[in-house]
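Please work through the exercises below with the sequence and the coordinates open side by side. Each task is followed by a solution that proceeds in steps.

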Amino acid sequence: MYYIGIDIGGTNLKAGLVDENYRITATRKQPLQFTSMEQMGDTLAKMAIGLVEENSVPRDQVASVGMGFPGPVDDKRGVVIKTVNIPIRFMPVAEMFHRQWDGVPVHLGNDADCAALGEYYHYEDKNIESLILVTLGTGIGTGIILNGRIHTGINGCAGEGGHIVLVHGGEQCTCGRKGCWERYASANALIRQTMASMDQNHVKPGFLYKLSRIAESLCRCLDLFFCHGLDRNSLGIYLIVRSDEGIFRCRMASRRSELAAVG
Ligand SMILES: [Zn+2]
């Protein structure tokens, strides 16, 4: 059997065909061209169908289709509740998908939660029980695993760390609030800041530059978590930062100055 995974990003749509050994056997990528939710549902179904047809995989050999959206979802009802960087509100994705490909189970997740689960199951250190994953892209997504279980909160918003307010009265965010973390440390924000500070065009910051900014803003963000009584030492939180330039893993130490690279 095969599985299909689709990542819905603010810039691109990416789909992968995965076999029973978790190997990605084929991929598809296309720019996000959003005109309506109806068109978006149509595009996602066509992407999945194109992937199996290109690779001569019969549809009945696909056990399920999973999709990661940059926002909270209601997987039981097959509905995306809201995404900040794409104008999606209460979109019945599973129903839309089944109009073109009926019968295959469709599962929805927050994209950072999906990435966190992937890292959790495949991370080389099997003793890790808790981790936070940070995805950098158009915005910032965070996935939280506590004691071996994904932590989504009561409304699916527990991993929306990118919208924690770090700067009161700061830059306007697309979520409606001001001063959110992603306004200062997402890939887009870092590029914007670098362009401004270097006063020249077409500058793309290197991965290390991003990491230094991430570590700085992450410490500020985690301080907010720990202010509420969480003990970073007993949690043993690992941070995994993924972006187009690579993957960086670090382990939280007892003090902010002791962020240590372990992978
Ligand atoms: Zn925000």
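The exercises that follow concern a predicted model, and they go from confidence to sheets, helices and single residues.

**Exercise 1. Confidence**

Task: Establish what the average pLDDT of the protein is, and which stretches stay under 50.

Solution: Begin with the whole chain, where the pLDDT averages 79 and 72% of the residues score at least 70. Next, turn to residues 227-236, over which pLDDT stays under 50, and for which the model has 8 contacts beyond four places in sequence. Residues 253-263 are also below 50, and this stretch has 14 contacts in the model beyond near neighbours in sequence. Finally, draw the consequence for reading such stretches: where pLDDT is low, the predicted coordinates should not be read in detail.

**Exercise 2. The open sheet**

Task: Determine the strand order of the open sheet of 5 strands, and describe how helix 1 packs on the sheet.

Solution: Follow the pairing from strand to strand, which gives the order 3-2-1-4-8 with mixed pairing. The edges are then strand 3 (24-31) and strand 8, each of which pairs on one side only. From one strand to the next, the twist averages 15 degrees. Within the sheet, strand 1 and strand 4 are joined in the parallel sense by 6 bridges, and Asp7 stands opposite Gly68 of strand 4. Helix 1 packs on this sheet, where it touches strand 1, strand 2 (12-18), strand 3 and strand 4, and its direction makes about 40 degrees with that of strand 2.

**Exercise 3. A residue in strand 1**

Task: Decide whether Ile6 is buried or exposed, and list what it touches beyond four places in sequence.

Solution: First locate Ile6, which belongs to strand 1 (residues 2-8). Then count its surroundings: 24 other C-beta atoms lie within 10 Å, and because the cut-off for a buried residue is 20 or more, Ile6 is buried. Leaving out residues up to four places away, Ile6 touches Leu13, Ala15, Leu44, Met47, Ala48 and Met67. Of these, Met47 is 41 residues apart from Ile6 in sequence, yet the two C-alpha atoms are 8.6 Å apart in space.

**Exercise 4. Two successive hairpins**

Task: Trace the pairing of strand 5 with strand 6 and of strand 6 with strand 7.

Solution: Strand 5 (residues 73-74) pairs with strand 6 in the antiparallel sense over 2 bridges, and the bridge partner of Asp74 in strand 6 is Val79. The hairpin of these strands has 4 residues between them, and in it Gly78 takes a positive phi near 70 degrees. Continuing along the chain, strand 6 and strand 7 run antiparallel and are joined by 3 bridges, with Ile88 of strand 7 as the bridge partner of Thr83. The hairpin that connects strand 6 to strand 7 passes through 4 residues.

**Exercise 5. The buried side of helix 2**

Task: Find which residues of helix 2 are buried, and state what covers them.

Solution: In helix 2 (residues 93-100), the buried residues include Val93, Ala94, Met96 and Phe97. These residues cover an arc of only 160 degrees around the axis, and therefore lie on the same side of helix 2. Their cover includes helix 1 (37-54), strand 4 (62-69), strand 6 (79-83), strand 7 (88-91) and strand 8 (106-110). As for its orientation, helix 2 lies across strand 4 and strand 8, running at about 145 degrees to strand 8.

**Exercise 6. Strand 9, strand 10 and Thr142**

Task: Explain how strand 9 is covered on its two faces, and place Thr142 in its surroundings.

Solution: Start with strand 9 (residues 131-136), in which 6 of 6 residues are buried. Leu131, Leu133 and Thr135 lie on one side and Ile132, Val134 and Leu136 on the other, so that both faces are covered. Strand 9 runs antiparallel to strand 10 (residues 140-146), to which 6 bridges join it; a hairpin of 3 residues links the two, and Leu136 stands opposite Ile140. Thr142 has its place in strand 10, and it counts as buried because it has 25 C-beta neighbours inside 10 Å. Beyond four places in sequence, the contacts of Thr142 include Ala112, Ile132, Leu133 and Val134. Thr142 and Ala115 are 27 residues apart along the chain, with their C-alpha atoms separated by 9.0 Å.

Definitions and conventions:
Residues numbered from 1 in each chain as written. Predicted model: local features only at pLDDT ≥ 70, side-chain atom pairs only at ≥ 80, totals over all residues. Contact = placed C-beta atoms within 7 Å. Buried ≥ 20, exposed ≤ 12 C-beta atoms within 10 Å, placed from the backbone. Arc of directions from axis to C-beta. Pairing = 2+ DSSP bridges. pLDDT = per-residue confidence, 0-100. Axes fitted to C-alpha atoms, helices over the stretch in contact; angles between N-to-C directions.
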